[in-house]
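Trainee: I would like to learn how to read helix packing and pockets. Can we work through an example?

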Amino acid sequence: MSIDLAYDDKGSGPPIVLLHGFPFNRSIWDEQVAVLTDRYRVITPDLRGMGETPLPADCASEMTDMARDVAALLDQLEIRRVVIGGLSMGGYVAFAFYRLFPLRTRGLILADTRPQADTEEGRAIRLQQVERVKKGGMAGISEVLLEKLFSAKTVQHRPELVSRIREMILSTSPEGAAAALIGMAARMDHSYLLPQVLCPALIVVGSEDKIVSVSDAELMHREIRGSHLTVIEDAGHVSNLESPDEFNTALLEFLRTLNA
Ligand code: MLT
């Protein structure tokens, strides 16, 4: 069952969908929306259970469910084909979208994400985090998450960004976050899909990403034929927010190659 998503739909031109990571909301794309909307129609949903999109009781948050929600939103907006991009968990959802709807995908933007499923150890950590969220709300995991999100340079020079992300994490619904953690733990391995990606793809990663490694990005670049890779120096896991100028340059150049 797909869920109605809260979303922003700004600008006009070829449509681009940007999907946020965990446990964030659509506002992580504000710096990209600001530069893209001169030429593009940018749709930024809050994925199920996050931001302003509620999670109905007993509802799962698997990546495939989230991808189907996005497809249902595009149907509602009467948009057939899009460039779809995601940061981290948003990238897991973008992979699921491509698997389900390859003909609707005009291009892929894979930012600070990876195709693999969780390892056994990774799954066990997610399930511990679910327990912590259930007991202590988002405060139970916020500091652990924040430690991994930024480069040393960001921590030193951008305290306002660290505070903004802390607020965003604390404002996320614990039920939505728990469901997304379970969904990420259950996600399938999309590595097999990489050589089958036929649309243009942009891969972006922060050189200091502690959650996704530069070697994950290089693997996707090797396996997705004709893909572009941008490594942003001194950025961590939220490279679009830590280095918006470099991220936007890569994004705009990629979109230009699509003649979009
Ligand atoms: C995210 O930013 O979406 C998460 O770090 C993804 C993950 O935990 O695998």
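Mentor: Start with the pair α2 and α3, and bear in mind that the model is predicted. Two packed helices are described by the angle between their axes and the distance between the axes.

Trainee: At what angle do helix α2 and helix α3 pack, and how far apart are their axes?

Mentor: Helix α2 covers residues 63–76 and helix α3 covers residues 89–100. They pack at about 70 degrees, and their axes lie 8 Å apart. Angles of 65 to 115 degrees count as roughly perpendicular. α2 and α3 are therefore roughly perpendicular to each other.

Trainee: Is the crossing of α2 and α3 left-handed or right-handed?

Mentor: Right-handed.

Trainee: Which residues of α2 and α3 meet?

Mentor: From α2 come M63, T64, M66, A67, R68, V70, A71 and L74. From α3 come M89, Y92, V93, A96, F97, R99 and L100. By class, this contact has twelve nonpolar residues, one polar and two charged.

Trainee: Now the pocket. How much space lies in the largest pocket?

Mentor: About 500 Å³. Its lining has 23 residues, and R114, D118, R126, K148 and I211 are the closest to the centre.

Trainee: Which elements give two or more residues to that lining?

Mentor: α3, α4 (120–136) and α5 (139–149) do. α4 gives the most, with five residues. So α3 appears twice in our tour: it packs with α2, and it contributes to the lining of the largest pocket.

Trainee: How many residues of each class are in the lining of the largest pocket?

Mentor: Eleven are nonpolar, five polar and seven charged.

Notes
Residues numbered from 1 in each chain as written. Predicted model: local features only at pLDDT ≥ 70, side-chain atom pairs only at ≥ 80, totals over all residues. Heavy atoms only, no water. Axes fitted to C-alpha atoms, helices over the stretch in contact; angles between N-to-C directions. Helix = DSSP H or I, 4+ residues; strand = E, 2+ residues; numbered from the N terminus. Parallel < 35°, antiparallel > 145°, perpendicular 65-115°, else oblique. Left-handed = near helix turned anticlockwise from the far one by under 90°. Contact = heavy atoms within 4.5 Å. Nonpolar A, V, L, I, M, F, W, Y, C, P; charged D, E, K, R; others polar. 1 Å grid on protein atoms, 1.4 Å probe; cavity = no way out; pocket = protein on both sides within 12 Å on 5 of 7 lines; lining within 4 Å. Points joined across faces, edges and corners; volume = space filled by probe spheres on them.
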